[in-house]
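Colleague: I am new to this structure and should be grateful for a close look at a single part of it. Please choose one loop, describe it with care, and then relate it to other parts of the chain.

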Amino acid sequence: MSTDPGPGQQRRDTLAVRGGLMRSQFGETAEGMFVTSGFVYGSAEEAEATFKEEIERFSYSRYGSPTVAMFEERLRLLEGAEAAYATGTGMAAVFAALGGLCAAGARIVAARALFGTCYTICAEVLPRWGVEAVFVDGTNLEAWREALSVPTTAVFFETPSNPTMQLVDIAAVAELAHAAGATVVVDNVFGTPAFSAPLQHGADVVVYSATKHIDGQGRVLGGAVLGSDEFVRTVARPMIRNLGLAMSPFTAWVLVKALETLDLRMAKQAANACAVSQWLEAQPGVTRVFYPWLDSHPQAELARRQMTGGGTVVSFTLDTDQAGAFAALNALRIVDISNNLGDSKSLITHPATTTHSRIAEDARLALGIEPGTCRLSVGLEDPQDIIADLAQAFAACCP
Ligand SMILES: Cc1ncc(COP(=O)(O)O)c(C=O)c1O
């Protein structure tokens with residue numbers, strides 16, 4: 001028999017359903033949805049003390065509210081972070097972290113293989129305010145070393161990256177970044193809280209689009225920033241509060257419930273993704289398969305070192321042009337065409353013409369995104385049905 005962990009030291013599965021739970025005087029079993037913009041004070045003195053931060057209580061939902069606090073606390077416990085702050089979208093989380101760190105004259109070093117809008121924040125938005133942005137091949141430690149040989153404010157990357165599943169060695173890059181004085185911010189959307197814990201490998205800050213796997217059922221937009229108490233209090237919180245990046249109580253209610261099943265969904269979706277990736281590798285019409293848990297992945301050893309599963313997204317390149325790839329997508333009967341990911345329903349997109357269409361063609365090709373490349377977010381369906389659907393679609397496009 002294992003020992004009783006005691007209050008405050010529960011294990012992960014327990015935290016997923018009970019972490020952060022705050023019950024009202026009505027004793028509801030499920031987490032309550034507190035849909036209110038403001039809160040009532042017992043006296044003018046209490047209001048004054050709240051604004052002076054002499055007492056801690058909810059004052060206004062742009063600053064925080066009970067259901068949002070439950071989501072933040074549950075995610076914080078699962079991530080093993082000191083502090084968490086929720087945001088209305090994933091991009092709000094990315095901007096709260098990077099915009100909060102960088103002032104005019106700051107320098108940011110980022111991996112080139114970024115989700116399109118994250119790339120825009122680094123390459124266009126922050127430079128407008130006098131921030132220098134430098135991009136490197138995230139898989140190349142020498143490139144990181146060179147870029148981080150001068151003082152730097154922030155380092156930013158996704159691992160695995162969207163859509164070609166390039167990994168960044170979190171521990172090695174964090175060491176270089178810290179020597180350059182930089183704060184390491186990791187977008188852990190593809191890693192998911194289930195398979196990747198960047199803070200345990202030396203990263204300082206994790207950001208999420210909770211829209212993806214955390215909701216996982218295609219309902220709401222949300223995000224979160226996690227890190228040290230000091231980072232969240234002094235860097236992320238002022239950005240989120242003052243810019244109005246807050247999460248709504250309804251979104252938080254959906255997401256706090258979704259966290260209860262996150263690990264279960266991720267285990268099944270990753271097992272499905274493994275099966276689909278292995279099947280894809282055996283198809284003559286498929287020239288490349290990108291999935292970190294395949295032995296053929298160029299960074300398979302690193303994947304096993306810093307992840308506990310390969311995730312839910314498999315990208316692959318069909319031996320065809322854009323028209324052939326479109327024909328394959330259009331022939332699918334179960335898998336839906338959608339640029340979202342992490343959903344319980346399998347979703348597929350053609351990155352070159354959707355998520356990564358704003359990236360110049362040569363840069364896209366350098367990232368491995370070809371006209372025949374498709375990104376498949378594997379859902380909770382029976383893997384044999386997903387495979388059968390892909391097989392009939394491939395037969396339709398490349399007979
Ligand atoms: C890796 C990554 N980061 C951030 C985002 C932005 O998230 P949101 O759409 O919730 O703002 C996305 C969305 O696709 C993403 O894939």
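Modeller: Pro163 is found in the loop between S4 and H7, and that loop is a suitable place to begin. Please bear in mind that the model is a predicted one. The peptide bond that leads from Asn162 into Pro163 is cis, with omega near 5°. The loop between S4 and H7 also holds Pro160, which is joined to Thr159 by a cis peptide bond with an omega of about -5°.

A charged residue of this loop reaches another part of the chain. Asp169 forms a salt bridge with Arg305, and their closest N and O atoms are 3.6 Å apart. Asp169 belongs to the loop between strand S4 (154–158) and helix H7 (170–179), whereas Arg305 belongs to helix H12 (residues 300–306), so the salt bridge ties together parts that lie 136 residues apart in sequence. The two partners differ in how far they are open to the surroundings. Asp169 has a relative accessible area of 16% and is buried, because the limit for a buried residue is under 20%. Arg305, at 48% relative accessibility, counts as partly exposed.

The pair of Asp169 and Arg305 is one of several such contacts, as the structure holds 15 salt bridges. Another of them joins Lys257 to Glu31, with the closest N and O atoms 2.7 Å apart. Here too the link spans a long stretch of sequence: Lys257 sits in helix H10 and Glu31 in the loop between helix H1 (12–18) and helix H2 (44–51), so parts 226 residues apart in sequence are tied together. Glu31 is buried, at a relative accessible area of 5%, while Lys257 is partly exposed, at 25%. These two residues also belong to a network of salt bridges, in which Glu31, Arg74, Lys257 and Glu260 are linked.

Two residues of that network, Arg74 and Glu260, also appear in a contact between helices, which deserves a description of its own. Helix H3 (residues 66–79) packs against helix H10 (residues 249–260) at an angle of about 35°, and their axes are 8 Å apart. The crossing of H3 past H10 is left-handed. On the side of H3, the contact is made by Thr67, Val68, Met70, Phe71, Arg74, Leu75 and Leu78; on the side of H10, by Pro249, Ala252, Trp253, Leu255, Val256, Leu259 and Glu260. By character, the residues of this contact comprise 11 nonpolar, 1 polar and 2 charged.

Helix H3 also contains a salt bridge between its own residues. The side chains of Arg76 and Glu73 meet at 2.8 Å, N to O. Arg76 and Glu73 are 3 residues apart in H3, and therefore about one helical turn separates them. Glu73 is partly exposed, with a relative accessible area of 28%.

A further loop may be added to the picture. Arg219 is placed in the loop between strand S6 (205–209) and strand S7 (223–227). Apart from its neighbours within four places in sequence, Arg219 is in contact with Val254 and Ala258. Arg219 is partly exposed, at a relative accessible area of 45%. From Leu365, by contrast, Arg219 is separated by 146 residues in sequence and by 33 Å in space, C-alpha to C-alpha.

As for bonds between cysteines, the structure holds 0 disulfides. The sulfur of Cys102 has its closest cysteine sulfur in Cys122, at 8.2 Å, which is too far for a bond, because a disulfide requires the two sulfur atoms to be within 2.5 Å. Cys102 itself counts as buried, at 10% relative accessibility. Cys274 is likewise in no disulfide, since the nearest cysteine sulfur, in Cys374, is 20 Å away.

Lastly, the backbone shows two residues with a positive phi although neither is a glycine: Glu53, at about 60°, and Thr192, at about 65°. Their settings are in contrast. Glu53 is in the loop between H2 and H3 and counts as exposed, at 55% relative accessibility. Thr192 lies in helix H8 (residues 192–195) and counts as buried, at 1% relative accessibility.

Methods. Residues numbered from 1 in each chain as written. Predicted model: local features only at pLDDT ≥ 70, side-chain atom pairs only at ≥ 80, totals over all residues. Heavy atoms only, no water. Axes fitted to C-alpha atoms, helices over the stretch in contact; angles between N-to-C directions. Helix = DSSP H or I, 4+ residues; strand = E, 2+ residues; numbered from the N terminus. Left-handed = near helix turned anticlockwise from the far one by under 90°. Contact = heavy atoms within 4.5 Å. Nonpolar A, V, L, I, M, F, W, Y, C, P; charged D, E, K, R; others polar. Salt bridge = Lys/Arg side-chain N within 4 Å of Asp/Glu carboxyl O. Buried < 20%, exposed > 50% of the residue type's maximum accessible area, 1.4 Å probe, protein only.
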